[in-house]
Protein chains: 2
Amino acid sequence: MRYHKIPDETVRRLPLYLRGLLFSSQDLQENISSRKLAEVLGVNPWQIRKDFSYFGGFGTPGVGYNVEKLTKQIKKILKLDIGHRATLVGVGNLGAAILAYPGFKIYGFDIAAVFDNNSKKIGQKIGDVTIEDVAKLPMLKGRQIDLGIIAVPRGSAQEIANILVDVGIKGILNFSPCRIDVSKKVKVITIDIAMDLARLPYYMPSS
Amino acid sequence: MRYHKIPDETVRRLPLYLRGLLFSSQDLQENISSRKLAEVLGVNPWQIRKDFSYFGGFGTPGVGYNVEKLTKQIKKILKLDIGHRATLVGVGNLGAAILAYPGFKIYGFDIAAVFDNNSKKIGQKIGDVTIEDVAKLPMLKGRQIDLGIIAVPRGSAQEIANILVDVGIKGILNFSPCRIDVSKKVKVITIDIAMDLARLPYYMPSS
DNA sequence: TAATGCTAGTGTCCACGTTCACAAGTAAAG
DNA sequence: CTTTACTTGTGAACGTGGACACTAGCATTA
């Protein structure tokens, strides 16, 4: 299996596995079995083993997976072994929440630059970073930032994305509820939290 | 096709179609073709037609779909035709952002009750709602709320979920990065924004 | 050393979802 | 009325991913 194409669904699950490992490493067991990990995450053991097998198994039969080694492997596959510097554009309610969200750090992300167009906010310092004028966004080139997070209103999202691509951003996490199209070289993931809420009633009994 | 089981993936896409319709209705064209809608959303026309066909086509050949009728149909399928009242638990950075997020209203959601455990926040009014003591959460029964949004730290999420289920909540949108298990009668959708960010580098060129 | 119990890795089958091509239907123009 | 242009609805082929069973490997115990 070692030389097969990796299913997209597998890649989608890897961060979940990583989360499970990072958060349950307090138990500081040296090894963890697929059954145990599956139980923690609420998925199937064979799903986990299958997923890992695509990358060439790193477990030992009869024992399980070495937690530390497995963690490193997944991080390497996801390219999280090198740290990533991100920029956040738009410090509204959502942007501020993202900035304060502790979850990014455990994956090695660092929000190193923040932009907004509100003159009252520009210059303010939040945590370690100072909010800069969005007009200066094009000057981001050379600051070693490879990720962009868009948290601006719908109407401006595409425009911001274009600038981000221009300054060499390779990946965009978009929180605006709209499509963004950019060069195929740049990966865009859009999160629309309202859309997820919108399908919830479908699964609920009609009461 | 009318009597087939509806694929989960189709249900996942319906809110997207609805979003496209709601946001492009400014053009106030009476009808929209699958090709046009697909273009706006960045998906395939035949995918859209196939999805709609599961519910028994509501378009007319040669013309397209009547925007107003289609919108109503999708809302009905997703059970968004009746409004939903939601409660938000946890008014930290993320909770506050959710509360201020305008995207919920267009789907007919109303955040009608808000809870927190921070005594400084309790009693504060944000928009139309007043933050209540989370200790009073069990008294939510009878207030006609059927959705719960969890935005509390990891450790408390399961506990809050249990209470929500007790008071009769039928669906939960969980923003805590952990698994929540509840009665099978209750649908849980978990959003972990850090997890989505975590798979972004995988798709990026190694630079 | 032999036996037992547990766990990873993987080939195979199956179910689901996507793509596509085409028939059927509508409207507008000639 | 006929023709043309367009669009929906759907059966069928195709591809992908998930479920599972089974083999092989490791460790522990006797």
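Student: By class, how many nonpolar, polar and charged residues does the surface near DNA strand D have?
Tutor: This is a predicted model, where local features need pLDDT of at least 70, side-chain atom pairs count only at pLDDT 80 or more, and totals for chains, interfaces and linings use all residues. Residues are numbered from 1 along each chain as written, chains are lettered from A and ligands numbered from 1 in written order, and side-chain values use heavy atoms, without hydrogens and water. "Near" means a heavy atom within 4 Å; Ala, Val, Leu, Ile, Met, Phe, Trp, Tyr, Cys and Pro count as nonpolar, Asp, Glu, Lys and Arg as charged, the others, Gly among them, as polar. The surface has nine nonpolar, 11 polar and eight charged residues.

Student: Which part of DNA strand D do most of the atoms within 4 Å of the protein belong to, sugar or phosphate, or bases?
Tutor: Bases make up the rest after a 68% share. That 68% belongs to sugar or phosphate.

Student: How far is a polar side-chain atom of Arg13(A) from a phosphate oxygen of DNA strand D?
Tutor: Arg13(A) is among the residues that come nearest to the strand. A polar contact is a pair of N or O atoms within 3.5 Å; within protein, one must be able to donate a hydrogen and the other to accept it, and residues adjacent in sequence count only if both atoms are side-chain atoms. For Arg13(A), the distance is 2.6 Å.

Student: Which residue of chain B has the C-alpha nearest the axis?
Tutor: A 180° rotation with 0.0 Å of shift superposes chain B on chain A, at RMSD 0.0 Å, by least squares on C-alpha atoms of residues with pLDDT of at least 70 in both. The copies are thus related as by a two-fold rotation axis. At 3.2 Å from the axis, the nearest C-alpha is that of Ala97(B).
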